[in-house]
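Reader: I'd like to talk through how the terms in this entry get applied. Could you walk me through the reasoning?

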Amino acid sequence: MSEHPSTYDPKTGVEKWLDKRLPIVRLAYDSFVDYPTPRNLNYWWTFGGILSVCLVIQIVTGIILAMHYVPHIDHAFASVERIMRDVNYGWLIRYVHANGASMFFFAVFIHMFRGLYYGSYKAPREVLWILGCIIFFLMIATAFMGYVLPWGQMSFHGAVVITNLIGSIPVIGGPILTWLQGGFAVDQPTLNRFFSLHYLLPFVIAGVVILHIWALHVTGQNNPAGVEIKSKEDTVPFTPYATVKDGLGIIIFLFLFAIFVFFLPNSLGHADNYIPANPLVTPAHIVPEWYLLPFYAILRAVPDKFLGVVAMFAAIAVLFILPWLDTSKVKSMRYRPVMRWFFVIFVVVCLALGWCGAQLPDTPVIPGLPSFNLIDGAFNSYLWLTRFLTLYYFAFFLVIMPWIGLKEEPLPVPASISEAILAEHAKKKG
Amino acid sequence: MSEPEKDHGGEGDPNRRDFIYIAAGAAAVGAVGAVVVPLVAQMNPAADTLAMASTEFDLSKVSEGMQVVIKWRGKPLFIRYRTPKEIAAAQEVKLSDLKDPQADSDRVTAGKEQYLILVGSCTHLGCVPTFGEGQFGGWFCPCHGSHYDTSGRIRVGPAPTNLEVPTYEYLTDTRVKIG
């Protein structure tokens, strides 16, 4: 809340001196100590803090890895193996970085689904939401380029397949592809520039995160009731309430993180990436990292090469216009009895798309079941399952959301956050 | 664009001021363009990358029914010595059955029909097709299931076009220069 008056009171002479010249302590105090947060925030709201921790972990481990990594096609793979075997604690730092990417995406997906469920994208938080979408897109680009750096078989051929997507753009695709790869194929120039950009983009993400938090502090946080803060009774100070709650969320998240790093460090990766890149042999089954599988599935669902690329990018682009697709006046799906079921189906569809992205398209979904050919593939195949799921993915945003918002009869929305809490307490007691 | 003259005590000619605005704006646009061109162009293939664009190969290294894969411009190059049966199969196909119609004779050098030289990069998304597999005995791409025939033409699958035939010339009877 921009109108929240500053309560920072510099006590010592040094603080007073600094406050007159650069009120940075005041900014931090007003943003993270005395900042009023809705008193009904639940644990789904701790993922913002968790994501900040993820970004810091990736940047710190990434800078360290760059001290030992060699961005050259003849040395990249060996330098990564050297980090794993010879560099002091190199194995730990690389496993934290590699699994950290997965943890980052896991947290960001929950953060986005939370925003979707509680209507955090709606007025006045459209810009906040769009900044989040930009961060998500930058994360995908960064993760993809980072995956190329170890120069294993999956790195190399993943880079070939994904850069070739750009080549499918009519007329200008070819020259852009050559420009992007810096040659006639994925080679030394490609690896070198991917390393440069992979180092750069996290800092761009950090910059957009600052804008994201700025926008958050202008509008104030959304909350599970989806009604705006109306009085002081609706809020508690950020410290200690949100700090401690975020802290617990972060600790539990780090447990999960540690389980992967220490017990399942390669479970989320692909074994083929421990084979050095060989441009003359393609692995039998190319798959991206798990967090990109839903988008990969959408790409493969469309029979035309270029339109598949368009659909994949549209799946992300549609998020940017989400604030204007939802016609409902009610923010939180707590009070939207119809929409919440479409939301549950949407979450299941996203998970199913991820599952389909890892399967070969021609494989039958239910083995042994008789099937028939529909247009260009067996009906009982992941190809057609993916197509139906893709259809729901887009229909959810472009049809269901605008339409249900107009038709749905929402439940009564509480007048204020404090009223919502009192009603909940009364229900528990009574 | 120009403000009333009286605000400036009657000094200055509005036309001259407009000219300065436009000239300054044009100079700024030109300067930005001059900065952007080298920053963008540096990512295009460098002179040494372009210099590696051609290679030579001795065809006597390939035995009948086999294929040799060499690296050219960072991509695999298939050099296949086709059997008479494979040549016949490629020549018998009706052009109307093809997704990207092209006669076998347009893809090889006349009198050297046994040697088929192709860029070994699937025209779908650039994976490397495997030799001798698929429904047509040519190549099969494991990534997304494209089948190519013994002329390297796309027959079934998502690939939009035939495997590319690079530009090459015979230096001697058994020696080719590719690129």
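Author: Sure. In this predicted model, chain B and chain A share 7 residue pairs in polar contact, both residues at pLDDT 80 or more.

Reader: What makes a pair count as a polar contact?

Author: The N or O atoms have to lie within 3.5 Å, with one able to donate a hydrogen and the other to accept it. The count between the two chains that comes out is 7 residue pairs.

Reader: And how many salt bridges are there between chain B and chain A?

Author: The count is 0. A salt bridge needs a side-chain nitrogen of Lys or Arg within 4 Å of a carboxyl oxygen of Asp or Glu.

Reader: Which elements of chain B supply at least two residues each to the side that touches chain A?

Author: Helix 2 (47-51), strand 2 (67-72) and strand 3 (75-81). Strand 2 gives the most, with 3 residues. By class, that side of chain B has 14 nonpolar, 8 polar and 3 charged residues.

Reader: How much area is buried between chain B and chain A?

Author: About 2,200 Å², and carbon and sulfur atoms give 66% of that. The contact takes 25 residues from chain B and 24 from chain A.

Reader: Now chain B itself. Why is chain B called more spread out than a compact globule?

Author: For 179 residues the globule rule gives 16 Å, but the radius of gyration is 28 Å, well over that, so chain B is more spread out. Its C-alpha atoms fill a box of roughly 95 × 35 × 30 Å along the principal axes.

Reader: What share of chain B is buried?

Author: Buried means under 20% relative accessible area, and 37% of the 179 residues are buried.

Definitions and conventions. Residues numbered from 1 in each chain as written. Chains lettered and ligands numbered in written order. Predicted model: local features only at pLDDT ≥ 70, side-chain atom pairs only at ≥ 80, totals over all residues. Heavy atoms only, no water. Contact = heavy atoms within 4.5 Å. Buried area = accessible area lost by both parts, 1.4 Å probe. Polar contact = N/O pair within 3.5 Å; in protein donor to acceptor, adjacent residues only side chain to side chain. Helix = DSSP H or I, 4+ residues; strand = E, 2+ residues; numbered from the N terminus. Nonpolar A, V, L, I, M, F, W, Y, C, P; charged D, E, K, R; others polar. Rg over C-alpha atoms; globule rule 2.2 N^0.38 Å. Buried < 20%, exposed > 50% of the residue type's maximum accessible area, 1.4 Å probe, protein only.
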